[in-house]
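Biologist: I would like a close look at one part of this protein, the stretch towards the end of the chain. Please set it against the rest of the model.

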Amino acid sequence: MMREEKKKNRSGLVIITLAVMLLCGIVIFKERELTTQKVALEQKCEELNASIDSANELSKELTRKKAYMQTNLYIEDVAREKLGLVYKDEVIFREKNDDD
């Protein structure tokens, strides 16, 4: 009778040992998987932060441009460049090209 109990205890111990080893293997595998995923997410976070910084800079530039476009200086610049307008008392000097 004692031998049978010892065999049951040993087989139970072996099963418990195998189960614990299996669980340890699963935990180690998942830990590696999560570490890899963490590194990828940290990299993506850095990329998104850089993108946010870039978008903030663009927003600031557009705000400055919007403010400039609401000034009389902008209206004058556009009138001069696009429409070729000048003041009545203004004299324009142009460089003479060989093609003229």
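Modeller: Start with K96. This is a predicted model, and in it K96 is exposed, with a relative accessibility of 70%. The cut-off for exposed is over 50%, so K96 earns the label. K96 sits in the segment after α2. For a reference point, take K82. The two lysines, K96 and K82, are 14 residues apart in sequence. In space, their C-alpha atoms are 21 Å apart.

I92 belongs to this part too. Its place is also in the segment after α2, and that helix spans 72-81. Is I92 buried, partly exposed or exposed? I92 is partly exposed, because its relative accessible area is 46% and the partly exposed class runs between 20% and 50%. Now look across to M21. I92 and M21 are separated by 71 residues in sequence. From C-alpha to C-alpha, the gap between I92 and M21 is 90 Å.

Now the whole chain. The protein has two helices and zero strands. Its radius of gyration is 39 Å, well over the 13 Å that the globule rule gives for 100 residues, so the protein is more spread out than a compact globule. The box tells you about the outline. Along the principal axes, the C-alpha atoms fill roughly 125 × 35 × 15 Å.

Burial comes next. Of the 100 residues in the protein, buried ones make up 1%. The protein exposes about 10,300 Å². Carbon and sulfur atoms supply 60% of that area.

Turn to the aromatic rings. How many aromatic pairs does a search of the whole structure find? The search finds one. The partners are Y68 and Y74, and their arrangement is edge-to-face. Their ring centres are 5.3 Å apart, with 75° between the planes. An angle over 60 degrees counts as edge-to-face, which is the class of this pair. Y68 is partly exposed, because its relative accessibility is 32%. Y74 is also partly exposed, because its value is 25% and buried would need under 20%.

Then the cysteines. The structure holds zero disulfides. C24 counts as partly exposed, at 42% relative accessibility. C45 counts as partly exposed as well, at 41%.

Last, the charges. The protein carries 18 positive and 19 negative charges. The mean positions of these two sets lie 18 Å apart.

Back to your part of the chain. Keep two residues in view there: K96, which is exposed, and I92, which is partly exposed. Both are placed in the segment after α2.

How values were computed: Residues are numbered from 1 along each chain as its sequence is written. This is a predicted model: local features need pLDDT of at least 70, side-chain atom pairs count only at pLDDT 80 or more; totals for chains, interfaces and linings use all residues. Side-chain values use heavy atoms; hydrogens and water are left out. Helices (H or I, at least four residues) and strands (E, at least two) are DSSP runs, numbered from the N terminus. Buried means under 20% relative accessible area, exposed over 50%, partly exposed in between (1.4 Å probe, protein chains only). Rings of Phe, Tyr and Trp (its six-membered ring) pair if their centres lie within 6.5 Å; planes under 30 degrees apart count as stacked, over 60 as edge-to-face and the rest as tilted. The radius of gyration is taken over C-alpha atoms; the globule rule is 2.2 Å times the number of residues to the power 0.38. Accessible areas come from the Shrake-Rupley method with a 1.4 Å probe; for residues, only the protein chains shown count as cover. Lys and Arg count as positive and Asp and Glu as negative; His and the chain ends are not counted. The place of a charge is taken as NZ of Lys, CZ of Arg, CG of Asp or CD of Glu. A disulfide is a pair of cysteine sulfur atoms within 2.5 Å.
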